[in-house]
Every structure is written in structure tokens, then in C-alpha cells.
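Please open the model in your viewer and keep the sequence alongside, so that each selection can be followed in both. The tour moves from a single residue to a sheet and then to a second residue.

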Amino acid sequence: MKVGYKDLGTMPYKECWQLQQTLFEQRLEARRRGEKGADCGTILTVEHPPVYTLGKSGKQSNMLIPQSYLESLGAEFFHIDRGGDITFHGPGQIVCYPILDIEQLGIGLRRYIEILEEAVITTVAHYGIVAERLAGATGVWICDRDDNGEPKNWRKICAIGVRASHFVTMHGLALNVATDLKWFTMINPCGFTDKGVTSISKEVGHAVDFEQVKQLLVENLTKLLVDEK
């Protein structure tokens, strides 16, 4: 099995969303025609200008500022067709959109989301960051531990929200590398009011190589997807 990769650089959200939709429909059409082969799809990476996106089941109330103020900051807002609530995309963040036929890869949707999480956990571990899953909260999280080993101060380093139809996926994950975290103070990130947001650079206390993080993430994700078969 083969998974392709394309780095889109910096691209406005709407333009990238349209590209995703085109690739998604092409992959669905290939399934309808019964086409099967080694090619299981493509992983896209991109960096967006400031934008907030709200998932199909999200609550508008989790946007804490009016549209006029948002626009004055130079940010956009889109209500989109992925799962999950509200999140932010912007400079210093790696957004990864796998457009894949997961049935060809031999995995179901739940395992696919676990693979996305695992790829991020492995990637941030390269920088000495211990990340983990949090029950009932999709994404990748970091926490502190008290003297008894109990977790506290949960903060999200990577948001995950996907759409799948007939085993074809779109949307994906957003990993904060050096994101300006002030953008997250204007929302209840992913609908949570009792948890924070963080980035790789904040956790390690210094700048990291953005392109190196991207390369590691794509390598880890591709390996996990292909190894499943």
C-alpha cells in the first residue's frame, strides 16, 4: 500500500478546503468505479492564515468574540463539515489533512483516529514531551502530575477532527508548534472551558525547527498507516 504526500506551504483556509473536497470526491468516485490499487490517497500539510473553524455539531457560543472584532484582527471564520467543536488554525501550526481510503489500508475510523493521535504522540516525544490521550476528549494532550501521580492542568497540543464517508477521510489534525496561543483565548477550544492549549515551543521553552517537526509528523503518520496493512 502507498500513501502520497504534498506540502501546500501557506494557503487560505477556503482554498484548501475546496482542494480537500475535490480530492475527497475523486477518491469516492474511484471507489464507486471499483478501482483498487496500491494508491490509498494523499496526506496534505499546510499552514493557514488566522482562521477559526466550527465543526458540524459545535456550538456557536464557543466563539467568544463578535464577528466584527474577529474580522478586525484579520481572522476568518468557517462552519465546516468535520466532527468536533471550534478550533483555531494559524501561523506556527502544522495542519495535516489526510485524504485516504482507509478500507484499502485495512483500518476502521476509530483506529484511524488512534493512528492520528499516535503519530503526534511519537512526534512530540522526539522533543522530550510526554503526550497522551484523554478519555472522552479527542486529540493529543499534556498534563502535569501531582505527588500522587494524579493528572492536573490538562492542555491540548493537537486538535483532531475528521470527516469520513464510505471509508474516505478528509480534514485531520492541527499540531501547535509555535502558534501564538493568544488566539485560543477568544474561543472555548474544542468546546472546553476547563482545559488549556499549548505548543511544542512553549513546552520545551525554546524555538524548534518547524520543517523538522513537519517531516517527523508525516514520516510517523505514513509509517503507522502503511504498517497497519
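A residue counts as buried when its relative accessible area is under 20%. In this predicted model, select threonine 87, which at 7% relative accessibility falls below that cut-off and therefore counts as buried. Threonine 87 lies in strand S5, residues 86-89, and, leaving out residues up to four places away in sequence, it touches Val51, Tyr52, Thr53, Arg82, Ala159, Phe184 and Ile187.

Next, widen the selection to the open sheet of three strands in the order S4-S3-S5, whose pairing is mixed. Strand S4 (76-79) and S5 stand at its edges with a single partner strand each, so one side of each has no neighbour in the sheet. From one strand to the next the twist averages 20 degrees. Strand S3 (residues 51-54) and S4 run parallel and are joined by four bridges; here tyrosine 52 stands opposite phenylalanine 77 in S4. Now add helix H1 (residues 13-32), which packs on the sheet with contacts to S3, S4 and S5, its direction making about 30 degrees with that of S4.

Then move to glycine 161 in strand S9, residues 151-165, which is buried, with a relative accessible area of 9%. Beyond its neighbours within four places in sequence, glycine 161 is in contact with Arg82, Gly83, His171 and Gly172; between glycine 161 and histidine 171, 10 residues apart in sequence, the C-alpha to C-alpha distance is 6.5 Å.

Finally, colour the chain by pLDDT: its mean is 91, with confidence lowest in helix H2 (residues 67-72), at a mean of 87, and highest in strand S6 (residues 93-100), at 98.

How values were computed: Residues numbered from 1 in each chain as written. Predicted model: local features only at pLDDT ≥ 70, side-chain atom pairs only at ≥ 80, totals over all residues. Heavy atoms only, no water. Helix = DSSP H or I, 4+ residues; strand = E, 2+ residues; numbered from the N terminus. Buried < 20%, exposed > 50% of the residue type's maximum accessible area, 1.4 Å probe, protein only. Contact = heavy atoms within 4.5 Å. pLDDT = per-residue confidence, 0-100. Pairing = 2+ DSSP bridges. Axes fitted to C-alpha atoms, helices over the stretch in contact; angles between N-to-C directions.
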